[in-house]
Amino acid sequence: MRLVWTLLFALAGGVAFAASPEDDYIAARDKAISDIAALESSNAQVETLDAANTKAQADLEKRLSAILGPLSVKDFPATGTINLESLSASDIGFGMLDGLRYAKSDEGPSIVATTRGLVGRWLQSKADEDDESLRLPAGLDEALKLDAFYTQAIGADAAFVKTLDFSLKKPEGADIAVARLGGWTQDVGPIYDQQVVVAVVKGDRVLIAEAPASPPVPKIAACEALWTAADATAQKFQETYQSSDLKDQQAYDSANAAWEKGDGDYRACMGERLPGEASFPALLAEAQALADHMAGQ
C-alpha cells in the first residue's frame with residue numbers, strides 16, 4: 001500500500017510541475033539568446049549569426065502561435081509574426097515584449113498580442129533591470145500608464161512620447177482599456193506623425209494596438225510658438241558652446257535645459273488645447289473603435 005501511495009504522489013507531483021507552453025517558450029528563448037551570445041563571443045561570421053537568429057525566431061514564432069491561437073480582431077490578419085526583432089543583446093530591437101505582431105502592412109495599424117503570463121514575466125525582468133532608466137513596474141496596470149512601457153515593448157529604435165490620454169469607455173468584458181495619443185521620436189520637439197495607441201486586457205490576453213492618427217493631429221499655433229521660442233533660446237546657448245571649442249559646459253547644459261523645458265511646455269500645451277480642436281472627436285472615436293474591436297465588439 002505504501003508503494004501505491006508513493007507512486008500516486010510521484011505522479012501527482014509530475015503533473016503539478018509539468019512545464020507549461022509558456023515555460024517551454026521562455027526556456028527556448030533564453031537558450032537561443034545564450035547560443036547567439038556564444039556565437040558572438042567566438043567571433044562567428046555575420047551570416048552565421050543572422051542564420052541562427054532567423055532560425056530561432058521562426059521556432060519562437062511557432063511556439064507563440066500555438067500559445068495564442070489565431071487573432072480575431074476586425075480589419076487585422078489572423079496570423080502574426082514574432083514581435084522580437086533580435087535575439088542578440090548587441091542589436092537594436094533586443095528585449096522587446098514576447099508576443100506576435102499582426103499587421104497588413106508596415107505603415108498601417110498593427111496589434112501586438114501576448115498573454116498575462118508572458119507580459120508578467122517580461123515586466124518582472126524589467127523591474128529587475130540594473131539600468132535604472134530601463135526599469136518598469138512589475139504590475140501591468142501601472143506599466144500601461146507609462147511611455148517607457150510602449151517604448152520597450154513595441155518600439156525598437158525610437159522612444160514613444162505621449163501627447164495626451166484618451167478617456168475611453170471600457171468595452172464590455174475587458175478588464176483594462178487604456179488609450180493614448182503620441183509619437184515615436186529620437187529627439188525633443190514636436191512630433192507631427194502621431195499614433196493612437198490602445199491597450200486592452202481581457203481574460204488572459206493582452207493586446208496593444210497602434211494606428212496612425214486619423215485625421216492627422218493638427219498644429220496648434222500657441223503650442224508651436226512655445227517650442228519655437230525655446231528652440232531659439234537653446235540655439236543661442238549651443239552657439240556659445242560651439243564657439244568655446246566645446247569647453248563651455250554651462251552653455252551646453254543650458255541649451256539642453258532649454259530644449260527639455262520647451263519640449264515639456266509644448267506637450268503640455270497640446271494636451272490642454274487639442275481636445276478643443278475640431279479633429280479631436282474623430283481621434284477619440286478611432287481609439288474607442290480599436291478598443292472595442294480588440295475586446296470582440
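How many cavities of 30 Å³ or more does this predicted model hold? The count comes to 1. The space inside this largest cavity is about 40 Å³. Its lining is made up of Ile191, Tyr192, Gln194, Val217, Pro218, Lys219, Tyr266 and Met270. Sorted by class, that lining has 6 nonpolar, 1 polar and 1 charged residues.

**A proline beside the cavity**

Pro218, one of the residues lining the largest cavity, is a good place to start a walk around the model. Proline 218 sits in the loop between strand 7 and helix 7. Is proline 218 buried, partly exposed or exposed? With a relative accessible area of 23%, proline 218 is partly exposed, because buried would mean under 20%. Setting aside residues up to four places away in sequence, proline 218 touches Met270, Leu274, Glu277 and Ser279. Of these, Met270 is also among the residues that line the largest cavity. Asparagine 83 is 135 residues from proline 218 in sequence, and their C-alpha atoms are 31 Å apart in space.

The loop between strand 7 and helix 7 also holds proline 215. The peptide bond that joins serine 214 to proline 215 is cis, with omega at about 5°. As background, most peptide bonds are trans.

**The largest pocket**

Now for the open spaces. The largest pocket has a volume of about 420 Å³. It is lined by 20 residues, and the closest to its centre are Arg101, Asp106, Ser110, Ile154 and Glu210. Two elements give two or more residues to this lining: strand 2 (100-103) and strand 7 (205-212). Which element gives the most? That is strand 7, with 3 residues. By class, the lining of the largest pocket divides into 8 nonpolar, 5 polar and 7 charged residues.

**Threonine 151 in helix 6**

Helix 6 covers residues 147-154, and threonine 151 is found in it. Threonine 151 counts as buried because its relative accessible area is 19% and the cut-off is under 20%. The side chain of threonine 151 reaches the backbone nitrogen of phenylalanine 160 at 2.8 Å. Leaving out neighbours within four places in sequence, threonine 151 is in contact with Phe160 and also with Ala158, Ala159 and Trp184.

**Two helices of 23 residues**

Helix 3 has 23 residues, which should span 33 Å at 1.5 Å a residue; the C-alpha atoms at its ends are 32 Å apart, so the two values agree. The buried residues of helix 3 are Leu49, Asn53, Ala56, Gln57, Leu60, Leu64, Ile67 and Leu68. What do these buried residues pack against? Their partners are helix 2 (21-41), strand 1, strand 2, strand 3 (110-115), helix 4 (116-127) and strand 7.

Helix 7 runs over residues 221-243 and also has 23 residues. From its first C-alpha to its last, helix 7 reaches 33 Å, close to the 33 Å expected at 1.5 Å a residue. Its buried residues are Cys223, Glu224, Trp227, Ala230, Ala234, Gln238 and Tyr241. Helix 8 (249-273) is included in what covers them.

A general point helps when looking at such lists: an α-helix has 3.6 residues a turn, so residues three or four places apart point the same way.

**Positive phi angles**

Finally, here are some backbone angles to look for. Most residues other than glycine have a negative phi. The table gathers residues with a positive value.

| Residue | Place | Phi |
|---|---|---|
| Glycine 69 | just after helix 3 | about 70° |
| Aspartate 75 | loop between helix 3 and strand 1 | near 75° |
| Aspartate 245 | just after helix 7 | about 60° |
| Leucine 246 | loop between helix 7 and helix 8 | near 65° |

Which of the labels buried, partly exposed and exposed fits aspartate 75? Aspartate 75 is exposed, since its relative accessible area is 52% and exposed means over 50%. Leucine 246, with a relative accessible area of 48%, is partly exposed.

Definitions and conventions
Residues are numbered from 1 along each chain as its sequence is written. This is a predicted model: local features need pLDDT of at least 70, side-chain atom pairs count only at pLDDT 80 or more; totals for chains, interfaces and linings use all residues. Side-chain values use heavy atoms; hydrogens and water are left out. On a 1 Å grid over the protein atoms alone, a cavity is a set of points where a 1.4 Å probe fits but cannot get out, and a pocket is an open set with protein on both sides within 12 Å along at least five of seven lines; lining residues have an atom within 4 Å of a point. Grid points are joined across faces, edges and corners, and a volume is the space filled by probe spheres set on the points. Helices (H or I, at least four residues) and strands (E, at least two) are DSSP runs, numbered from the N terminus. Ala, Val, Leu, Ile, Met, Phe, Trp, Tyr, Cys and Pro count as nonpolar, Asp, Glu, Lys and Arg as charged, and the others, Gly among them, as polar. Buried means under 20% relative accessible area, exposed over 50%, partly exposed in between (1.4 Å probe, protein chains only). A polar contact is a pair of N or O atoms within 3.5 Å; within protein, one must be able to donate a hydrogen and the other to accept it, and residues adjacent in sequence count only if both atoms are side-chain atoms. Contact means heavy atoms within 4.5 Å. The expected span of a helix is 1.5 Å times one less than its number of residues.
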